[in-house]
Amino acid sequence: RRPPRSTPLYSSAASDVYKRQVSTQSTWEEMGRLYVDYLDSGRIYVCTQCRIHISDRSELISRNFHGRHGKAYLMNKVINTYLGPVEEKMLMTGLHRVCDLFCCNCDTLLGWKYEEAYEESEKYKEGKFIIERATVIKTTKN
């Protein structure tokens with residue numbers, strides 16, 4: 001069962017077609033049909049469960065992060081994902097407002113997005129994504 005999506009529904013007055021934003025300006029669901037983006041670069045990260053494109057190697061900021069289940073990547077941008085509700089969580093680096101990040105194709109929990117950091121030294125994380133290494137595979141485009 002999918003968690004409730006935190007992004008709003010939009011209605012087109014001209015055609016009664018409802019669009020729901022699923023990710024960071026890249027994936028849309030229109031009348032039950034899922035539209036996904038594909039990356040053109042050579043080195044990409046894909047979901048381990050369904051192999052859908054998640055991010056490009058050029059969006060990697062750091063490999064020195066830890067998630068719920070081990071090592072993680074800090075990414076600048078991700079695609080083909082959706083966000084859960086915003087929550088306040090006490091992480092290893094202090095209190096943050098975060099929302100869980102899910103694969104839009106198979107609903108796998110990939111990591112989270114930093115919405116707000118309360119400590120000044122952690123402000124650089126705001127708007128960035130943590131992707132757990134166990135949930136993605138590095139691959140090259142054929």
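In this predicted model, Asp 107 has a relative accessible area of 28% and therefore counts as partly exposed, a class that lies between under 20% for buried and over 50% for exposed. Asp 107 sits in the loop that joins strand 10 to strand 11. Its phi is near 65°, a positive value in a residue other than glycine.

Asn 80 also has a positive phi without being glycine, with a value near 55°. Asn 80 belongs to the loop between strand 8 and strand 9. At 0% relative accessibility, Asn 80 is buried, because the limit for that class is under 20%. A positive phi is found as well at Arg 51, near 65°, in the hairpin of strand 5 and strand 6.

**The open sheet**

Six strands make up an open sheet with antiparallel pairing, in the order 7-8-12-11-10-9. Strand 7 (60–67) and strand 9 (81–91) are the edge strands, each pairing on one side only. From one strand to the next, the twist averages 30°. In a regular strand, side chains alternate between the two faces of the sheet.

Three of the antiparallel pairings are set out below, each with one bridge from the pair.

| Strands | Bridges | One bridge pair |
|---|---|---|
| Strand 7 and strand 8 (residues 70–75) | five | Phe 65 and Ala 72 |
| Strand 8 and strand 12 (residues 129–132) | four | Met 75 and Phe 129 |
| Strand 10 (residues 94–103) and strand 11 (residues 109–117) | seven | Arg 97 and Glu 116 |

Strand 7 and strand 8 also form a hairpin, with two residues between them. The loop between strand 10 and strand 11 is the one that holds Asp 107.

**Strands 5 and 6, and Ile 54**

Strand 5 (residues 43–47) pairs with strand 6 in the antiparallel sense, over three bridges. Within this pairing, Tyr 45 has Ser 55 of strand 6 as its bridge partner. The hairpin formed by the two strands has five residues between them.

Ile 54 lies in strand 6, which covers residues 53–56. Its relative accessible area is 0%, so Ile 54 is buried. Which residues does Ile 54 touch, leaving out those up to four places away in sequence? They are Tyr 45, Val 46, Cys 47, Val 78, Ile 79, Asn 80, Thr 81, Leu 110, Ile 131 and Val 136. Several of these can be placed in elements described above: Tyr 45 is in strand 5, and Asn 80 is in the loop between strand 8 and strand 9. Asn 80, one of the contacts of Ile 54, is itself buried. The C-alpha atoms of Ile 54 and Lys 77 are separated by 8.9 Å, and these two residues are 23 residues apart along the chain.

**Aromatic pairs**

The count of aromatic pairs comes to three. In one of them, the ring centres of Tyr 45 and Tyr 73 are 5.0 Å apart and the planes stand at 50°, so the pair is tilted. This pair links distant parts of the chain, with Tyr 45 in strand 5 and Tyr 73 in strand 8, 28 residues apart. Tyr 45 and Tyr 73 are both buried. Another pair joins Trp 112 and Tyr 114, whose ring centres are 6.2 Å apart; their planes are at 80°, so this pair is edge-to-face, the class for planes over 60 degrees apart. Trp 112 and Tyr 114 are buried too.

**The largest pocket**

How much space lies in the largest pocket? The volume is about 190 Å³. Rolling a probe the size of a water molecule over the atoms shows where empty space is left. The lining consists of Asn 64, Phe 65, His 66, Gly 67, Leu 91, Met 92, Thr 93, Trp 112, Tyr 114 and Lys 125. Strand 7 contributes the most to this lining, with four residues. Strand 7 and strand 11 each supply at least two residues. Two of the lining residues, Trp 112 and Tyr 114, are the partners in the edge-to-face ring pair. Phe 65, another lining residue, is the bridge partner of Ala 72 in strand 8.

Conventions. Residues are numbered from 1 along each chain as its sequence is written. This is a predicted model: local features need pLDDT of at least 70, side-chain atom pairs count only at pLDDT 80 or more; totals for chains, interfaces and linings use all residues. Side-chain values use heavy atoms; hydrogens and water are left out. Buried means under 20% relative accessible area, exposed over 50%, partly exposed in between (1.4 Å probe, protein chains only). Contact means heavy atoms within 4.5 Å. Two strands pair if DSSP finds at least two bridges between them. Axes are lines fitted to C-alpha atoms, for helices over the stretch in contact, and angles run from 0 to 180 degrees between N-to-C directions. Rings of Phe, Tyr and Trp (its six-membered ring) pair if their centres lie within 6.5 Å; planes under 30 degrees apart count as stacked, over 60 as edge-to-face and the rest as tilted. On a 1 Å grid over the protein atoms alone, a cavity is a set of points where a 1.4 Å probe fits but cannot get out, and a pocket is an open set with protein on both sides within 12 Å along at least five of seven lines; lining residues have an atom within 4 Å of a point. Grid points are joined across faces, edges and corners, and a volume is the space filled by probe spheres set on the points.
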